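Trainee: I have a model open on my screen and would like to talk it through with you. Could we go over it together, one question at a time?

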Amino acid sequence: MFHDKSSHFTSMNQWEREFALYHKIANIKFFKLYKLWKQFSVLKNYIRSKKRTDASESLKEKLFIFSAPLRSALLKVKKLSLKLAEDHQIISLERDLQSNVF
């Protein structure tokens with residue numbers, strides 16, 4: 001190894017020890033399977049993201065609230081129905097069923 005234009009050598013004993021330790025660590029099940037697990041994890045996250053994106057696009061295409069002409073009409077209907085409910089102009093079906101009006 002070079003550092004500041006001078007060389008540094010690892011002794012053969014140290015190199016053999018580090019080589020043996022590396023292979024012992026590399027043979028531990030976790031490290032053997034790490035690359036496979038990592039690739040699986042990346043693939044799983046990609047698929048989840050793709051499904052979420054596809055679902056979001058599908059909802060945007062099919063929901064009224066995301067369509068500009070229908071959005072304004074839907075919001076007007078909602079506003080009017082809330083106003084009627086506040087003014088008690090909507091007959092409560094539950095109340096009528098309890099009083100046996102029908």
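Trainee: How many aromatic pairs does a search of the whole structure find?
Mentor: Good place to begin, and keep in mind that this is a predicted model. Rings of Phe, Tyr and Trp pair if their centres lie within 6.5 Å. With that cut-off, a search of the whole structure gives four aromatic pairs.

Trainee: Are the rings of W15 and F19 stacked or edge-to-face?
Mentor: A pair of aromatic rings is described by the distance of the centres and the angle of the planes. The centres of the W15 and F19 rings are 5.2 Å apart, and their planes meet at 15 degrees. Planes under 30 degrees apart count as stacked. The W15 and F19 pair is therefore stacked.

Trainee: Which helix holds both W15 and F19?
Mentor: The two residues are four apart in the sequence, about one turn of the helix. An α-helix has 3.6 residues a turn, so residues three or four places apart point the same way. W15 and F19 both belong to residues 12–26, which is helix α1.

Trainee: Is W15 buried, partly exposed or exposed?
Mentor: Partly exposed covers the range between under 20% and over 50% relative accessible area. F19, its ring partner, has 44% and falls in that range. W15 has 45% relative accessibility, so W15 is partly exposed.

Trainee: Which residues form one aromatic cluster?
Mentor: Here we leave the W15 and F19 pair and turn to another group of rings. The cluster is made of F30, F31, Y34 and W37.

Trainee: Where is the kink in α2 centred?
Mentor: Helix α2 runs over residues 29–62, 34 residues in total. From first C-alpha to last, α2 reaches 48 Å, close to the 50 Å expected at 1.5 Å a residue. Even so, α2 has a kink of about 40 degrees, and its centre is K35.

Trainee: Which residue forms a salt bridge with K50?
Mentor: The cut-off is a side-chain nitrogen of Lys or Arg within 4 Å of a carboxyl oxygen of Asp or Glu, and the count comes to one salt bridge. K50 is four residues from its partner in helix α2, about one helical turn. Both ends are partly exposed, K50 at 41% and its partner at 35%. The closest N and O atoms are 3.3 Å apart, and the partner is D54.

Trainee: Which helix gives the largest share of the nonpolar patch?
Mentor: The patch covers about 720 Å² of surface, and L59, L63, F64 and I65 are among its residues. L63 lies in the loop between α2 and α3, and is partly exposed at 37%. The largest share is three residues, and these come from helix α3.

Trainee: What percentage of the residues of the protein chain count as buried?
Mentor: The chain follows the pattern β-β-α-α-α-α and exposes about 10300 Å², with carbon and sulfur atoms supplying 63% of that area. Buried means under 20% relative accessible area. Of the 102 residues, the share that counts as buried is 1%.

Technical notes: Residues numbered from 1 in each chain as written. Predicted model: local features only at pLDDT ≥ 70, side-chain atom pairs only at ≥ 80, totals over all residues. Heavy atoms only, no water. Phe/Tyr/Trp six-rings, centres within 6.5 Å; stacked < 30°, edge-to-face > 60°. Buried < 20%, exposed > 50% of the residue type's maximum accessible area, 1.4 Å probe, protein only. Expected span 1.5 Å × (residues − 1). Bend = angle between axes of the 7 residues up to and from the residue. Patch = residues over 30% accessible without salt bridge, like charges linked within 9 Å, V, L, I, M, F, W, Y side chains within 5 Å. Areas by Shrake-Rupley, 256 points an atom, 1.4 Å probe, with all protein chains shown as cover.
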